[in-house]
Amino acid sequence: MKLRRQITALLLVLTTLLCLAACAGGGNQNKKPSSGTENGTNDTSTIPCPHCKENNPVGQKFCGNCGKALKDESSPEGSDGSTGSQAAEGSQTDEPVEKRYSLTALTGDYFCLPEGEIRSEDPQTVSLITGNLLHALKSGSTMVTCQSGNTTYLYSVTVLDPDTSFMNADYRTLSKEEVDKAVNEDRASFIDQYAQYEEVTDRTNVQMGDKVSIDYVGTMDGVAFEGGTGSYDLVIGSHSFIDGFEEGLVDATVGSTVKLNLYFPDPYPNSPDLAGKPVLFTVTVKSIKAPEAYTDQFVQRVTNKEYTTVESFEEYLKKTAIGNLLFDKLKERIDTKTLPEALTEQYCQAYLDEMISYLASMGVTVTTKEEIISLMGYTEESFDQMLREGALNTLSQDYVFFGYCKAKELILSETVFEECKALYLARYECDTIEELVKNYNVPYDSLYEIFLYEEILRSLYNESVIV
């Protein structure tokens, strides 16, 4: 299951990569950011994050993987930017080393610290969950100290309470139609991702669930527009294209051409200039493939027997869809103008550093916002707007995430943690959490939030009202 809170960051990175496709010399756009330690060696041009251990370019302020602060406030200007973990592991002297960091977090947030003896000025503000993971339990400021070898890490932590007024009005009610639509989309996406497709031989018409190979040309007022022409293997029912596109291909036959008179949605974040405008798509159906049957055997194979029947998996899809719909409903109530500016700026910087880190993993060296703007062809105004919108979207999700936990007094208890750990280790066929973190490049703090999100979904489902 994907953590919906992370989708915006991924989309922003994908936008960057798409813009860079021509500039990067055809690099692999699907490559994941590397930790730099897969072969037991560190890239000398990077530094490891003290929170999630992900390597980042020297000079970067926030980790491109987890968004936490990399800045060493005790280092003099012009230093190499090495983090405390480097000093502890690579220092050639036994002299004591002190590293200072500043963190701002929402109540309930998680962040990682180096292994070692950990102390806090206020033990009620941070509660030790594992050897190096702290949980910010309540608002206020505190100093957290971590002693590892000859290095002392000093974290000045400011914890902010999210405003939970977004939960004041009723948010629990959903229509059966929107739940059914979400379940159908999730099922289609699941089948598309895991099912084996075979060429259809017993019919020639397109049906829901088919994967259709198409050529399409989009025109507005008779003129083709940029991005409106291409070829695609489209799963009918996945809602990958604008409303009406996939539905308009149902019953079309192989070799036929279909004309679809549609409207772009309004708003249309993918291309605001097209929002609400009419468009004609001329679509040619080249071939049809159908997925393998959606049976108990298919569910068992794909879920590694976590679910043994279609019925049990459908129940999982329904619960997840309802939880996600209610979560999104709450997020829509967040007034981004009221979000703390300090956190907004921190999230913006994290997005920028994510771009720099990801581009570095692609072999594209940039160290400043200005270099990215020049490389991608943005204006400073449009780039800043994109950065801020993405940051505010993710911050809004975090506000709902941690605000809901605060209002409902949800915490990742030891019992829930052990249940989720067993579930995820079995799901991804790993023996230990460390193996899961390494194999799937998931920071510890993100993993804990994924576990907690399971609790949020369960709570939202239990209080939902379907009409």
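The protein chain has eleven helices and 16 strands, where helices (H or I, at least four residues) and strands (E, at least two) are DSSP runs numbered from the N terminus. The model is a predicted one: local features need pLDDT of at least 70, side-chain atom pairs count only at pLDDT 80 or more, and totals for chains, interfaces and linings use all residues. Residues are numbered from 1 along each chain as its sequence is written, and side-chain values use heavy atoms, with hydrogens and water left out.

**The whole chain**

Begin with the full chain of 467 residues, of which 46% count as buried; buried means under 20% relative accessible area, exposed over 50%, and partly exposed in between (1.4 Å probe, protein chains only). Display the surface next: the accessible area is about 23600 Å², and 48% of this belongs to carbon and sulfur atoms. Such areas come from the Shrake-Rupley method with a 1.4 Å probe, and for residues only the protein chains shown count as cover. For contacts (heavy atoms within 4.5 Å), consider pairs of residues at least 6 apart in sequence: 65% of these contacts join residues at least 24 apart.

**Helices α6 and α8**

Select residues 341-361 (α6) and 380-408 (α8), whose axes come within 8 Å and cross at roughly 115°. Axes are lines fitted to C-alpha atoms, for helices over the stretch in contact, and angles run from 0 to 180 degrees between N-to-C directions. Show the side chains of the contact, including Tyr 347, Tyr 351 and Met 355 of α6 and Phe 383, Met 386 and Leu 395 of α8. By class, twelve nonpolar, three polar and three charged residues form this contact. Here Ala, Val, Leu, Ile, Met, Phe, Trp, Tyr, Cys and Pro count as nonpolar, Asp, Glu, Lys and Arg as charged, and the others, Gly among them, as polar.

**Helix α11 and its partners**

Move to α10 (residues 433-440) and α11 (residues 444-462), where the axes come within 10 Å and cross at roughly 110°. The two helices are therefore roughly perpendicular to each other, a label given to angles of 65 to 115 degrees, whereas those under 35 count as roughly parallel, over 145 as roughly antiparallel and the rest as oblique. Ile 433, Glu 434, Leu 436 and Val 437 of α10 meet Tyr 444, Leu 447 and Phe 451 of α11. This α10 and α11 contact divides into six nonpolar residues, no polar ones and one charged.

Keep α11 selected and add α9 (residues 414-427), which packs against α11 at an angle of about 110° with the axes 10 Å apart. That angle makes α9 roughly perpendicular to α11. Among the residues in contact are Phe 417, Lys 421 and Arg 427 of α9, with Phe 451, Glu 454 and Glu 455 of α11. The classes here are seven nonpolar, no polar and four charged.

**Backbone details in the loops**

Select Pro 267 in the loop between β14 (257-263) and β15 (278-291). The peptide bond leading to Pro 267 from Asp 266 is cis, with omega near 5°.

Next, centre on Glu 409, in the loop between α8 and α9. Phi of Glu 409 is near 55°, a positive value in a residue other than glycine, and Glu 409 is exposed, with a relative accessible area of 70%.

Finish at Glu 429, in the loop between α9 and α10. Phi of Glu 429 is positive, near 55°, in a residue other than glycine; Glu 429 is exposed, at a relative accessible area of 62%.
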